[in-house]
Amino acid sequence: MNFMTMLDIQPSATLRRQDVVAMNTNMILSNSGLMKKDLAKAMGLSPQSMASRLQSKADWTIDETCAAADFFGVPLMALLDENLTPAKSHGIYKKPPFR
């Protein structure tokens, strides 16, 4: 039998900012009904590069993070908020993306 250790089931004590941006971007995408491909286009990324960032497999640049905030019409700090919840994300999403 394979037993999980406490380290396997507990979240990391320190989230990287990259992970927070990815988490919050995914949450806002889900709640807004916007498409990942549209976000990728607005950020000047390929869909594959966008997927890597959303999965925390690639790091976000500050310019990309700003572009995502602009796309959603949210303050930059919203994407960096470790305590962002789905309810809070509904409250900050303001406008449809530029197309």
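This report walks through the fold, the core and a few selected residues of one protein chain.

## Overall fold

The model is predicted. The protein chain has seven helices and zero strands. Read along the sequence, the pattern is α-α-α-α-α-α-α. The chain has 99 residues, and 33% of them count as buried. Its accessible surface comes to about 6,500 Å². Carbon and sulfur atoms hold 58% of that surface.

How much of the contact network joins residues far apart in sequence? Take the contacts in the protein chain with a separation of 6 or more. Residues 24 or more positions apart account for 60% of them.

## The nonpolar core

The largest nonpolar core has 21 residues. Leu39, Met43, Met50, Trp60 and Phe72 have the most contacts inside this core. Five elements give two or more residues to this core: α2 (17–32), α3 (36–43), α4 (47–54), α5 (62–72) and α6 (76–80). Which element gives the largest share? That is α2, with five residues.

Leu39 shows how the core is joined up. Leaving aside neighbours within four places in sequence, Leu39 is in contact with Thr25, Leu29, Met50, Ala68, Phe71 and Phe72.

Two of those partners, Phe71 and Phe72, are both buried. The structure holds one aromatic pair. Phe71 and Phe72 form this pair, and the arrangement is edge-to-face. Their ring centres are 5.3 Å apart, with 70 degrees between the planes. An edge-to-face label needs an angle over 60 degrees, so the pair qualifies.

## Two helices that cross

Packed helices are described by the angle between their axes and the distance between the axes. Here the pair to look at is α3 and α4. Their axes come within 9 Å and cross at roughly 105 degrees. That makes α3 roughly perpendicular to α4.

Which residues meet where α3 and α4 come together? From α3 come Lys36, Leu39, Ala40 and Met43. From α4 come Pro47, Met50 and Leu54. Leu39, Met43 and Met50 are also among the residues with the most contacts inside the core.

## Two buried residues

Thr25 sits in helix α2. Is Thr25 buried or exposed? Its relative accessibility is 0%, so Thr25 counts as buried. Leaving aside neighbours within four places in sequence, Thr25 is in contact with Leu39, Leu54, Trp60, Phe72 and Leu79.

Leu79 lies in helix α6. Leu79 also counts as buried because its relative accessibility is 0%. Beyond its neighbours within four places in sequence, Leu79 is in contact with Val20, Val21, Asn24, Thr25, Ile28, Thr65, Ala68, Ala69 and Phe72. Thr25 and Leu79 therefore appear in each other's contact lists.

## Partly exposed residues

Arg16 is found in the loop between α1 (6–9) and α2. Arg16 is partly exposed, with a relative accessible area of 39%. Which residues does Arg16 touch, not counting those up to four places away in sequence? They are Ser56 and Asp59.

Ser56 has its place in the loop between α4 and α5. Ser56 is partly exposed, with a relative accessible area of 25%. Its backbone has a positive phi of about 60 degrees, although Ser56 is not a glycine.

Leu76 is in helix α6. Leu76 is partly exposed, with a relative accessible area of 28%. Leaving aside neighbours within four places in sequence, Leu76 is in contact with Ile62, Thr65, Cys66 and Ala69. Thr65 and Ala69 are also contacts of Leu79.

## Distances across the chain

The table sets separation along the chain beside distance in space for three pairs.

| Pair | Separation along the chain | C-alpha to C-alpha distance |
|---|---|---|
| Arg16 and Ser56 | 40 residues | 9.6 Å |
| Leu76 and Ile62 | 14 residues | 9.7 Å |
| Leu79 and Ser89 | ten residues | 9.5 Å |

Two of these pairs also appear in the contacts above. Arg16 touches Ser56, and Leu76 is in contact with Ile62.

Definitions and conventions. Residues numbered from 1 in each chain as written. Predicted model: local features only at pLDDT ≥ 70, side-chain atom pairs only at ≥ 80, totals over all residues. Heavy atoms only, no water. Helix = DSSP H or I, 4+ residues; strand = E, 2+ residues; numbered from the N terminus. Buried < 20%, exposed > 50% of the residue type's maximum accessible area, 1.4 Å probe, protein only. Contact = heavy atoms within 4.5 Å. Areas by Shrake-Rupley, 256 points an atom, 1.4 Å probe, with all protein chains shown as cover. Core = buried A, V, L, I, M, F, W, Y, C linked by side-chain atoms within 4.5 Å. Phe/Tyr/Trp six-rings, centres within 6.5 Å; stacked < 30°, edge-to-face > 60°. Axes fitted to C-alpha atoms, helices over the stretch in contact; angles between N-to-C directions. Parallel < 35°, antiparallel > 145°, perpendicular 65-115°, else oblique.
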